[in-house]
Amino acid sequence: MASFYGDDLAHIQHDGFRDFSARAAPALLKLLHGAGLRRGTVVDLGCGDGTWLRALTRAGHAAIGIEVSPALVKHARRQAPRARIHVGSIYTTPLPACDAVTALGEVLGYLPAAGERSARIPGFAAFFRRVARALRPGGLFAFDLVVRSAKRPLHTRNYREGEGWAVLAESIEDAKRGRLTRDITMFRRIGASDRWRRSHEVHRVRVPEKTEILRALRDAGFVAKASNAYGRNAAMLPGRAAFFARKPKRG
Ligand SMILES: C[S@@+](CC[C@H](N)C(=O)[O-])C[C@H]1O[C@@H](n2cnc3c(N)ncnc32)[C@H](O)[C@@H]1O
């Protein structure tokens, strides 16, 4: 089976890419606070290495993570020992009753990795209805996605390196199919040796229209808006949008 956030990519995500959720955390905590949530229950979908879960538990919230990659869950359990973390897909793991749901880092866009057998992924509207059922009235839902651009389809090549690793990723959007394929090649030093291992993953991501997501959120009963940032310190990269939705309080 093709690996999806296997050991090497999980290590690289933790060591080199956790800065985004760390920068988003203060604005998201402020949002929860502003909604009257001081010690709420927050479910983080695709919690990755647990950076946001840690910020939540430190701020006094009960944090629950759902993450499909066992390698990332190991990091998350180390980083956020007070969070409860379920290993599994967000599409098959029951969503507990909660005050807020988050999904940072394009989580809701991911399709199963090539060659992987997985549960059928529901459409956005069906999934948003599930989130709405789990949330208490007045609850919050915040997430981000790659969205279709009015300009030209995304085509990016990125390179990043850290201590003992390097990663190269090429992302190509197929605008007609509303899909993005990210081809990721990693190099990781083996222990303390001067030998390196090469590994490879291919991720496929849905690329909806921003208006389609807003419509699906409203159809699921949310009051919703899109933004280009999770607050001052966490602007979205080009072609991404953040969504903030609130389940109305009853009557
Ligand atoms: C770009 S990472 C973001 C991780 C973390 N939320 C953050 O902001 O640092 C995307 C995450 O989504 C997770 N993911 C993707 N599809 C998933 C699914 N169906 N169920 C659970 N986790 C999923 C991946 O394993 C990965 O941890």
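Mentor: Let's begin with a term: a polar contact is a pair of N or O atoms within 3.5 Å. Keep in mind that this model is predicted.

Trainee: Thanks! Which polar backbone atoms lie 2.7 Å from a nitrogen atom of the ligand?

Mentor: One belongs to G46, whose polar backbone atom is 2.7 Å from a ligand nitrogen. L104 also has a polar backbone atom at 2.7 Å from a nitrogen of the ligand. With S89, a polar side-chain atom takes part, 3.4 Å from a ligand nitrogen. The protein covers 93% of the 590 Å² of accessible area that the ligand has on its own.

Trainee: How many residues surround the ligand, and of which class are they?

Mentor: The ligand is surrounded by 18 residues, with G46, E67, L72, I90 and L104 the closest. Sorted by class, this shell holds 10 nonpolar, seven polar and one charged residues.

Trainee: Now a helix, please. Why do the buried residues of helix 6 line one face?

Mentor: The general idea comes first. An α-helix has 3.6 residues a turn, so residues three or four places apart point the same way. In helix 6, residues 210-219, the buried ones are I213, L214, A216 and L217. Looking down the helix axis, these buried residues fall within an arc of 165 degrees, so they line one face.

Trainee: What covers those buried residues, and what is on the other side?

Mentor: The cover includes helix 5 (124-134), strand 6 (135-146), strand 11 (223-227) and strand 12 (240-246). On the other side of helix 6, T211, R215 and D219 are exposed. Just after the helix, look for G221, which has a positive phi of about 100 degrees.

Definitions and conventions:
Residues are numbered from 1 along each chain as its sequence is written. This is a predicted model: local features need pLDDT of at least 70, side-chain atom pairs count only at pLDDT 80 or more; totals for chains, interfaces and linings use all residues. Side-chain values use heavy atoms; hydrogens and water are left out. A residue is near a molecule or strand if one of its heavy atoms lies within 4 Å of it. A polar contact is a pair of N or O atoms within 3.5 Å; within protein, one must be able to donate a hydrogen and the other to accept it, and residues adjacent in sequence count only if both atoms are side-chain atoms. Accessible areas come from the Shrake-Rupley method with a 1.4 Å probe; for residues, only the protein chains shown count as cover. Ala, Val, Leu, Ile, Met, Phe, Trp, Tyr, Cys and Pro count as nonpolar, Asp, Glu, Lys and Arg as charged, and the others, Gly among them, as polar. Buried means under 20% relative accessible area, exposed over 50%, partly exposed in between (1.4 Å probe, protein chains only). Helices (H or I, at least four residues) and strands (E, at least two) are DSSP runs, numbered from the N terminus. The arc is that of the directions from the helix axis to the C-beta atoms. Contact means heavy atoms within 4.5 Å.
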